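This report describes selected contacts in a predicted model. Please consult the sequence and structure shown below before reading on.

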2 protein chains.
Amino acid sequence: MDKIDLKLISLLQKNARFSLKQLAEQVFLSSPAVSSRIERLEKEGYIIGYQAQIDEERLGYHIKAFINLEMTPKQKPTFYPFISECPNVLECNCVTGQYSMLIKVAFASTQELDMFIGKLQKFGNTQTQIVFSTAVRPRGIQVGDVERLEQE
Amino acid sequence: MDKIDLKLISLLQKNARFSLKQLAEQVFLSSPAVSSRIERLEKEGYIIGYQAQIDEERLGYHIKAFINLEMTPKQKPTFYPFISECPNVLECNCVTGQYSMLIKVAFASTQELDMFIGKLQKFGNTQTQIVFSTAVRPRGIQVGDVERLEQE
DNA sequence: GATGAAACAGCCGAGCT
DNA sequence: AGCTCGGCTGTTTCATC
């Protein structure tokens with residue numbers, strides 16, 4: 001994990017479809033060298049995958065929201081499979097505080113959102129925050145400028 | 001926007017580095033046809049970009065958190081540029097409820113997180129939820145199974 | 001990590017349905 | 001109009017240094 005690895009990560013965060021040649025030019029290496037570095041970064045778990053970012057709004061999912069779900073730990077075994085199968089769930093984290101799960105969702109309408117929240121009731125109380133607008137779109141940690149060259 | 005477009009979107013969400021040929025095989029079209037469809041999806045704003053997903057934990061950012069920030073609307077013009085420049089901010093949304101901004105961040109330690117929260121105080125009160133674990137990693141809306149073929 | 005050759009994929013045109 | 005096919009160009013991969 002050196003500066004070049006971080007630069008490659010940063011470039012792939014900007015555009016995962018850069019060709020090896022384009023990447024090679026920007027880090028002043030040959031394409032085979034870049035290829036083997038990326039392979040290593042994938043194998044060692046730094047790079048989890050490459051995802052196309054979709055505009056949910058453009059696809060008709062106009063309502064985005066964060067749902068706080070108050071849940072007892074013993075429900076986790078049934079909750080986890082359920083939540084990961086929901087196509088409208090964009091992210092779900094277990095967090096500190098009164099509400100134990102924080103779920104990000106996208107729906108076509110408030111009606112659909114309401115129905116989903118209804119389904120969640122069997123797990124516990126919910127509190128919902130609807131998204132008005134997005135100041136910073138989901139993105140990775142910005143590694144370009146920082147000097148964090150640990151051997152992790 | 002037909003079934004094939006949705007299938008392409010779904011495939012690129014799974015792996016943005018699929019080659020045109022690989023995509024073509026899976027939708028039973030030729031690669032030029034796939035190429036022009038993707039070009040159109042990008043131009044029309046369905047596909048915003050392609051991002052490598054990084055394991056922040058693996059890079060040493062062990063603390064992830066959601067910060068609720070209570071802020072008056074008049075502070076937005078100074079807050080927006082500030083928040084989008086922070087390399088540790090993974091996402092930021094304006095939401096309904098008592099807390100007007102919901103900010104997702106990643107830091108190497110609770111100390112750094114604490115310092116950041118300190119900096120936010122000049123905008124308003126905060127309430128922080130630290131992430132214990134992730135049930136569903138950030139992902140796009142799952143379009144594969146649903147029948148949402150509107151001309152949006 | 002670099003170089004060169006071979007395999008491969010992507011791009012642009014023409015012709016077809 | 002959009003899809004498929006063929007040729008050229010550029011990219012990736014492998015062997016060698």
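Aromatic pairs number 11 over all chains, where rings of Phe, Tyr and Trp (its six-membered ring) pair if their centres lie within 6.5 Å, with planes under 30 degrees apart counted as stacked, over 60 as edge-to-face and the rest as tilted. One of them is the edge-to-face pair of Phe79(A) and Phe123(A), with 5.1 Å centre to centre and 80° between the planes. Phe79(A) belongs to helix α4 (residues 76–85) of chain A and Phe123(A) to the loop between α5 (110–120) and β5 (126–136), so this pair ties together parts that are 44 residues apart in sequence. Helices (H or I, at least four residues) and strands (E, at least two) are DSSP runs, numbered from the N terminus.

Phe123(A) also forms a tilted pair with Phe82(A), at 5.4 Å centre to centre and 35° between the planes. Here helix α4 of chain A is again linked to the loop between α5 and β5, across 41 residues. Phe79(A) is buried at 0% relative accessibility, as is Phe123(A) at 8%, whereas Phe82(A) is partly exposed at 22%; buried means under 20% relative accessible area, exposed over 50%, and partly exposed in between (1.4 Å probe, protein chains only). Together with Tyr80(A), the residues Phe79(A), Phe82(A) and Phe123(A) form one aromatic cluster.

Between the chains, Arg17(A) lies over the face of Tyr50(B), 5.4 Å from the ring centre, and Arg17(B) lies over the face of Tyr50(A) at 5.5 Å. A charge sits over a ring if NZ of Lys or CZ of Arg is within 6 Å of the ring centre and within 35 degrees of the ring normal.

The surroundings of DNA strand D (residues with a heavy atom within 4 Å of it) include Lys21(A), Ser35(A), Pro32(B) and Ala33(B). Of the atoms of strand D that come within 4 Å of the protein, 76% are sugar and phosphate. The largest share of this surface, 3 residues, comes from α3(B). The table lists polar contacts, that is, pairs of N or O atoms within 3.5 Å.

| Residue | Protein atom | Distance to a phosphate oxygen of DNA strand D |
|---|---|---|
| Leu20(A) | polar backbone atom | 2.9 Å |
| Ser30(B) | backbone N or O atom | 3.1 Å |
| Arg37(B) | side-chain N or O atom | 3.3 Å |

Residues are numbered from 1 along each chain as its sequence is written, while chains are lettered from A and ligands numbered from 1 in the order in which they are written. In this predicted model, local features need pLDDT of at least 70 and side-chain atom pairs pLDDT 80 or more, while totals for chains, interfaces and linings use all residues, and side-chain values use heavy atoms, without hydrogens and water.

Conventions: Polar contact = N/O pair within 3.5 Å; in protein donor to acceptor, adjacent residues only side chain to side chain.
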